[in-house]
Amino acid sequence: MVSWLQHRDLKEAPFLLVLLVETLAIGYAMAAPEHWLRAVGVMAGGLSVAGVLRLVLTDDQAGLLRVRRRVFDVACYFALAVATLVFALALPQR
């Protein structure tokens with residue numbers, strides 16, 4: 001198995017990690033709709049993870065997380081994370 005991993009191109013692993021976090025958040029929201037705010041928090045966390053990964057990884061290592069220049073990407077990921085949380089917290093609770 002180790003030899004299989006050595007020959008694989010893992011530059012899309014950061015994107016897949018973020019995609020997994022977002023998918024889990026959506027699945028959690030569908031499974032427990034009464035806890036949708038937790039799912040939104042997990043989604044914001046996934047966007048924060050994307051921002052951190054884009055900040056620390058090189059352009060080649062970032063893979064699909066790279067859209068523009070590093071500063072722009074990191075600012076957008078963190079801005080989306082904050083906007084997601086603010087929007088969710090601003091909605092009236094039932």
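Val 67 sits in the loop that runs between helix H4 (59-62) and helix H5 (70-90), and that loop is a good place to start a tour of this predicted model. The protein has 5 helices and 0 strands, giving the pattern α-α-α-α-α when read along the sequence. From Val 67 we can move to Asp 73, one of its contacts, then to a salt-bridge network that includes Asp 73, and on to the helix pairs and a nonpolar surface patch.

**The loop residue Val 67**

- Val 67 has a relative accessibility of 58% and counts as exposed, because the cut-off for that class is over 50%.
- Setting aside neighbours within four places in sequence, Val 67 touches Asp 73 and Tyr 77.
- Both of these partners also appear on the H5 side of the packing between H3 and H5.
- The C-alpha atom of Val 67 is 9.8 Å from that of Arg 54, a residue 13 places away along the chain.

**Asp 73 and its surroundings**

- Asp 73 is found in helix H5.
- With a relative accessible area of 3%, Asp 73 is buried, whereas Val 67 is exposed.
- Once neighbours within four places in sequence are left out, the contacts of Asp 73 are Arg 54, Leu 65, Arg 66, Val 67 and Arg 68.

**The salt-bridge network**

- The whole structure contains 3 salt bridges.
- One of them brings together the side chains of Arg 54 and Asp 73, at 2.9 Å from N to O.
- This pair ties together distant parts of the chain, with Arg 54 in helix H3 and Asp 73 in helix H5, 19 residues apart.
- Arg 54 and Asp 73 are both buried, and for Arg 54 the relative accessibility is 0%.
- Arg 54 also meets Asp 59 in a salt bridge between their side chains, at 3.1 Å from N to O.
- Asp 59 is partly exposed, with a relative accessible area of 35%.
- A further salt bridge links Asp 59 with Arg 66, where the closest N and O atoms are 3.7 Å apart.
- Arg 66 is partly exposed too, at a relative accessible area of 44%.
- Through shared partners, the salt bridges join Arg 54, Asp 59, Arg 66 and Asp 73 into one network.

**How the helices pack**

- Two packed helices are described by the angle between their axes and the distance between those axes.
- For H3 and H5, the angle is about 170° and the axes are 8 Å apart.
- H3 is therefore roughly antiparallel to H5, as the cut-off for that description is over 145 degrees.
- On the H3 side, the residues that meet H5 include Trp 36, Leu 37, Val 40, Gly 41, Ala 44 and Arg 54.
- On the H5 side, they include Arg 70, Asp 73, Val 74, Tyr 77, Phe 78 and Leu 89.
- Arg 54 and Asp 73 thus belong both to this helix contact and to the salt-bridge network.
- H2 and helix H3 (residues 36-56) pack at about 175°, with 8 Å between their axes.
- H2 and H3 are therefore roughly antiparallel to each other.
- From H2, this contact draws on residues including Pro 14, Leu 17, Val 18, Val 21, Tyr 28 and Ala 29.
- From H3, the contributors include Arg 38, Ala 39, Val 42, Met 43, Val 49 and Leu 53.
- Leu 47 and Ala 50 of H3 take part in the contact with H2 and also in the contact with H5.

**The nonpolar surface patch**

- Leu 17, Leu 20, Leu 24 and Val 49 make up a nonpolar patch on the surface, and their accessible area together is about 340 Å².
- Helix H2 (residues 13-31) contributes the most to the patch, with 3 residues.
- Leu 20, a patch member, lies in helix H2 and is partly exposed at 48% relative accessibility.
- Leu 17 and Val 49 belong to the patch and are also among the residues that form the contact between H2 and H3.

**The protein as a whole**

- Of the 94 residues in the protein, 24% are buried.
- The accessible surface comes to about 6,900 Å², and carbon and sulfur atoms account for 70% of it.
- Among contacts between residues at least 6 apart in sequence, 58% join residues at least 24 apart.

Definitions and conventions. Residues are numbered from 1 along each chain as its sequence is written. This is a predicted model: local features need pLDDT of at least 70, side-chain atom pairs count only at pLDDT 80 or more; totals for chains, interfaces and linings use all residues. Side-chain values use heavy atoms; hydrogens and water are left out. Patches are made of residues with over 30% relative accessible area and no salt bridge: like charges are joined within 9 Å, nonpolar side chains (Val, Leu, Ile, Met, Phe, Trp, Tyr) within 5 Å. Accessible areas come from the Shrake-Rupley method with a 1.4 Å probe; for residues, only the protein chains shown count as cover. A salt bridge is a side-chain nitrogen of Lys or Arg within 4 Å of a carboxyl oxygen of Asp or Glu. Helices (H or I, at least four residues) and strands (E, at least two) are DSSP runs, numbered from the N terminus. Buried means under 20% relative accessible area, exposed over 50%, partly exposed in between (1.4 Å probe, protein chains only). Contact means heavy atoms within 4.5 Å. Axes are lines fitted to C-alpha atoms, for helices over the stretch in contact, and angles run from 0 to 180 degrees between N-to-C directions. Angles under 35 degrees count as roughly parallel, over 145 as roughly antiparallel, 65 to 115 as roughly perpendicular and the rest as oblique.
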